[in-house]
Amino acid sequence: MTKVLVLGARFGGLTAAYTLKRLVGSTAEIKVINQSRFSYFRPALPHVAIGVRDVEELKIDLAQALPEKGIKFQEGKVQKIDARSSKVIYTKPDGSTEEEDYDYVIVGIGAHLATELVKGWDQYGYSVCEPEFATKLRERLKDFKGGNITIGSGPFYQGHNPKPKVPENFVPNADSACEGPVFEMSLMLHGYFKKKGMLDKVHITVYSPGEYLSDLSPQSRKAVASIYGQLGIKLVHNFRLKEVREHEIVDEKGNKLESDLSILLPPYAGNPALKNSTPDLIDDGGFIPTDLNMVSIKYDNVYAVGDSNALTVPKLGYLAVMTGRIAAQHLANRLGIHTKVDSYYPTIVCVADNPLEGYAVSVKDDTWYGGNVSVAELAAVNHLKKELFTKYFMWTKGDMALEKFLASW
Ligand SMILES: Cc1cc2nc3c(=O)[nH]c(=O)nc-3n(C[C@H](O)[C@H](O)[C@H](O)COP(=O)(O)OP(=O)(O)OC[C@H]3O[C@@H](n4cnc5c(N)ncnc54)[C@H](O)[C@@H]3O)c2cc1C
C-alpha cells in the first residue's frame with residue numbers, strides 16, 4: 001500500500017493529513033510524525049497571556065485524535081529528510097533513532113523561532129508563540145507594576161534561492177515573517193491594563209524590522225496608525241532587534257528603545273531539520289520551494305505545506321491551511337482519486353482580537369500580491385469570528401474542513 005508520511009501537526013500538517021484521509025480512505029497508509037504528542041491552537045496563545053484562556057483548553061492529544069480518524073500517529077522529532085532515498089530520520093521519545101521510508105512525504109514542520117539570535121532572550125525576553133512562552137508572559141503581566149513595554153517581531157530570514165515555481169508577485173520580500181500576532185497582542189495589552197486600571201502607568205511601543213504591517217494596503221496601515229494614535233501606542237519602524245536588556249532593547253544599528261517588559265515574535269528562520277536535509281530540497285533560508293501544487297521543485301514525491309514552504313509569505317495559518325488542502329488534493333489525484341485541486345492564491349486573512357475590550361479587527365488583504373482587496377474592520381462581531389475559529393479548531397481537533405466558509409464570513 002502507498003505510504004504517506006506527514007511531518008508536523010498544526011495547521012499545515014493536520015489539514016493535509018485529514019483532507020488526504022477523507023479523500024483516499026484506505027487507499028494509502030497515512031502516518032503523522034510530530035515532535036510532541038500534543039498540538040496547540042496557536043492563534044489563541046495571546047489569549048492565554050492575558051488570562052482569558054488556559055493552555056489546557058487549546059490542547060489536542062494527537063495520539064487519540066488521529067487514530068480515531070484512521071490516521072497513524074508517531075511521536076518523534078524529525079532530524080532530517082533524505083529526499084534522494086525517500087527516508088525520514090527521526091528520534092523517538094526513548095531517544096532511539098528511526099529511519100522510515102515513504103512513497104510520499106508532506107512536510108509541515110513549520111519555521112524555526114530563532115530565539116538564539118536575540119542576545120538576552122533567555123533572561124529578559126517574553127513571547128506568546130508557544131504555550132510555555134504564553135504562560136510565562138501571563139505570570140509576568142500579573143506582577144507588572146508599570147513602565148515601558150515594547151512589542152515587535154525579530155527579522156525574518158527568508159530564503160531567496162532557488163525560488164518557488166509560482167508567479168513572482170505571490171512571494172514578496174518580507175522583513176517580518178508575520179506581524180498579525182504583534183498587532184493583536186498590542187491591542188490586548190491596552191485592554192489588559194485598562195481593565196486593571198493601570199493605563200496611565202504603562203507606555204506601549206510597537207516596533208517592526210521594516211515598515212509595520214507592510215503586507216497590508218496603505219489605507220489599512222493608516223487605519224492601524226489611527227487606532228494606535230487613539231490608544232496612545234507609539235509605533236517605530238525599521239528596528240531590527242538584536243538584543244534584549246533589563247530595561248531596553250537594542251537594534252542592529254545600536255538604536256535603543258526603553259523597555260521594562262520586552263515581548264517579541266522571535267526571528268523566523270528555516271527549520272533545523274530541513275537545513276540538515278538533502279541540500280537541494282531547500283532554499284538558502286532553509287525553506288522548501290515548491291510549485292503551485294505544493295510539490296518540491298526538485299523531488300516529485302515531496303510536498304511542503306504551511307510555514308515550511310518558501311511560498312507562504314507571510315507565515316500565516318490561513319495560508320498553511322490552504323497549502324495543506326492543495327497538497328492533499330493533488331496527491332489524492334496521483335493516488336487515483338479524481339478530485340478538484342484548489343488554486344493557490346495568497347491573501348492575508350486574519351483577526352486581531354481584543355476580548356477584554358469586546359472587539360476585534362478583521363483583515364482581508366491581497367494588495368501585497370497585486371490584488372485590490374483591502375478590508376480592515378474594527379467591530380464587536382469580529383471578536384465572535386475569533387471565538388468561532390478557536391471553538392471550531394478545538395471541536396474538530398484541528399480539521400479545518402470548513403475553513404473556506406469561516407474565512408469568508
Ligand atoms: C502567537 C501567534 C498567533 C498567530 N495567530 C494567527 C491567526 O490568528 N491567524 C493565522 O492565520 N495565523 C496566525 N499565526 C500564524 C500561524 O500560527 C502559523 O502560520 C501556522 O501555525 C503555521 O502552521 P504550520 O503547520 O505550517 O507550522 P507550525 O504551526 O509551526 O507547526 C509545525 C508543527 O511541526 C512540529 N515540528 C516542528 N519541528 C519538528 C520536528 N523537527 N520534528 C517533528 N515535528 C516538528 C511542531 O511541534 C508543530 O506541531 C499566529 C502565529 C503566532 C506565533
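Helices here are DSSP runs of H or I with at least four residues, strands are DSSP runs of E with at least two, and both are numbered from the N terminus. The model you have open is a predicted one.

**Stop 1: the loop before α4**

Select L117, which sits in the loop running between β10 (112-113) and α4 (121-124). Is L117 buried or partly exposed? It counts as partly exposed, because 16 C-beta neighbours lie inside 10 Å, and the cut-off for buried is 20 or more. Now add M185 to the selection: 68 residues separate L117 and M185 along the chain, and their C-alpha atoms are 22 Å apart.

**Stop 2: the ligand**

Select the ligand and display what is around it. How many residues surround the ligand? The shell holds 37 residues, of which G8, P43, G110, G306 and G317 are the closest. Two or more shell residues come from each of α1 (11-24), β2 (28-34), α2 (45-49), β6, α6 and α9. Colour the shell by class and you should find 18 nonpolar residues, 14 polar ones and five charged ones.

Next, colour by domain, with domain 1 as 2-112 + 269-334 and domain 2 as 113-266. Both domains give residues to the shell, so the ligand lies between them.

**Stop 3: α1 against α9**

Two of the helices that contribute to the shell, α1 and α9, are worth viewing together. Their axes come within 8 Å of each other and cross at roughly 30 degrees. That angle makes α1 roughly parallel to α9, because angles under 35 degrees fall in that class. The crossing of this pair is right-handed.

**Stop 4: two cis peptide bonds**

Go to N161 and P162, which are joined by a cis peptide bond with omega at about -5 degrees. P162 belongs to the loop that connects β12 (147-153) and α6 (180-195).

Then move to V313 and P314, where the peptide bond is also cis and omega is near -5 degrees. Where is P314? It is in the loop between β20 (302-304) and α9 (317-334).

**Stop 5: two positive phi angles**

Select S86, a residue other than glycine whose phi is positive, near 50 degrees. The loop that holds S86 runs between β6 (77-82) and β7 (87-91). S86 is partly exposed, since 18 other C-beta atoms lie within 10 Å.

Now select M294, another non-glycine residue with a positive phi, in this case near 75 degrees. M294 lies in the loop between α8 (272-275) and β20. Is M294 buried or exposed? With 33 other C-beta atoms within 10 Å, M294 is buried.

**Stop 6: I282**

Stay in the loop between α8 and β20 and pick out I282. I282 counts as buried, because 27 C-beta neighbours lie inside 10 Å. Add E99 and check the distance: the two C-alpha atoms are separated by 20 Å, while these positions lie 183 residues apart along the chain.

**Stop 7: strand β20**

Select V302 in strand β20. V302 is buried, with 23 other C-beta atoms within 10 Å. Draw a line from V302 to I81, C-alpha to C-alpha, and you get 9.8 Å for two residues that are 221 apart in sequence.

**Stop 8: helix α5**

Finish with P131, found in helix α5 (residues 131-143). What puts P131 in the buried class? It has 20 other C-beta atoms within 10 Å, and a residue counts as buried from 20 upward. Select V55 as well: the C-alpha atoms of P131 and V55 are 6.3 Å apart, although the two residues are 76 apart along the chain.

Conventions: Residues numbered from 1 in each chain as written. Predicted model: local features only at pLDDT ≥ 70, side-chain atom pairs only at ≥ 80, totals over all residues. Buried ≥ 20, exposed ≤ 12 C-beta atoms within 10 Å, placed from the backbone. Near = placed C-beta within 6 Å. Nonpolar A, V, L, I, M, F, W, Y, C, P; charged D, E, K, R; others polar. Domains from an automatic or database assignment. Axes fitted to C-alpha atoms, helices over the stretch in contact; angles between N-to-C directions. Parallel < 35°, antiparallel > 145°, perpendicular 65-115°, else oblique. Left-handed = near helix turned anticlockwise from the far one by under 90°.
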